[in-house]
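Welcome! Please take a moment with the sequence and the 3D view, and then we can walk through how some helices pack together.

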Amino acid sequence: MAKKLRTRKHRVVLNRSYGGDFGVTLFLVLMGSFLFVPMYYTVIQSLKPLDELWMFPPRFYVISPTFNNFKELVTLMSESWVPFSRYIFNTVFISVTGTFGNLILSSMCAYALAKIKFPGRKTIFAVIVASLMFHTTVAAVANFITLSALGWMDTYFARIIPAWCTSLGLYLMKQFMETNVNNAVLESARIDGATEWKTFWVIAMPMVKPAWLTLIVYSFKDLWNSGASIYIQSEQLKSFNYAVSQIVSDGISRQGASAAATVISMMVPILVFVVTQSNIIETMGSSGMKD
């Protein structure tokens, strides 16, 4: 007699025992709690008065919670000789324009590699995959020389243009397009008279929405969290994170303000991730990346 399939909300689920479901759920809860600890500890630190910040051993709770750290951070920011709104504008402007450019260029290149047959495309993609092994620091000297030759040092271009060309973004988009964009649909659009650009923008891009939402999160996070840059010397062009690091670097008396600044800095990327997490999981599964 065939074993009856288990269903949940009228849908067939993995044929596993209830004990197995409980074990998997317990394991995921434990791992999720473990990964949540750093975030929790950062928030707790921002609510501690100065005497509790230096208590040893460190405690994972607050005895006398206070918002004085955030008030001190606001006071320090108001005393900056460059308006703090300028630092915030720089960070938002660089993050948004860098992310948008990365999305467009990575998507266009990925479409060409995945859906247009031309000589050498496999070799090009192999080079792109190989470049994933190298940290951006390796190319810092070459980038410095290139940006200097172009006259882009100490300008927004020095931060934005390099962000448009990321191997990870191109890899994600290419893998997702290869598996989720139907060649027959693209061919039908071409037969109906659609240009290659229209086929890409109107047909392919909506099919890979989870992938480009994932790319937005990754790119925005990296740009938002970026600090000092060797390409920028002008104080008026520096980022929020750099400004905060300078403000709170005057000694242990400002560690409370530093903890508050850390919480503020991580809020935006976390919110973006929470909104798009289902699309990120789908993209990682389709592209073959699990980390």
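## Where α4 meets α8

In this predicted model, the α4 side of the contact with α8 consists of Ser 106, Ser 107, Cys 109, Ala 110, Tyr 111, Leu 113, Ala 114 and Lys 115. Facing them from α8 are Gly 169, Leu 170, Met 173, Lys 174, Met 177 and Glu 178. Sorted by class, this contact holds eight nonpolar, three polar and three charged residues.

## How α4 and α8 cross

Two packed helices can be described by the angle between their axes and the distance between those axes. Helix α4 covers residues 84-115 and helix α8 covers residues 167-180; they pack at an angle of about 45 degrees, with axes 8 Å apart. Angles from 35 to 65 degrees fall outside the parallel and perpendicular ranges, so α4 is oblique to α8. The crossing of these two helices is right-handed.

## A second partner: α5

Helix α4 also packs against helix α5, which spans residues 121-131. Here the angle is about 130 degrees and the axes lie 9 Å apart, which makes α4 oblique to α5. This time the crossing is left-handed.

From α4, the residues in this contact are Leu 113, Ala 114 and Lys 115. They meet Arg 121, Ile 124, Phe 125 and Ile 128 of α5. By class, the contact of α4 with α5 has five nonpolar residues, two charged ones and no polar ones.

Technical notes. Residues numbered from 1 in each chain as written. Predicted model: local features only at pLDDT ≥ 70, side-chain atom pairs only at ≥ 80, totals over all residues. Heavy atoms only, no water. Axes fitted to C-alpha atoms, helices over the stretch in contact; angles between N-to-C directions. Helix = DSSP H or I, 4+ residues; strand = E, 2+ residues; numbered from the N terminus. Parallel < 35°, antiparallel > 145°, perpendicular 65-115°, else oblique. Left-handed = near helix turned anticlockwise from the far one by under 90°. Contact = heavy atoms within 4.5 Å. Nonpolar A, V, L, I, M, F, W, Y, C, P; charged D, E, K, R; others polar.
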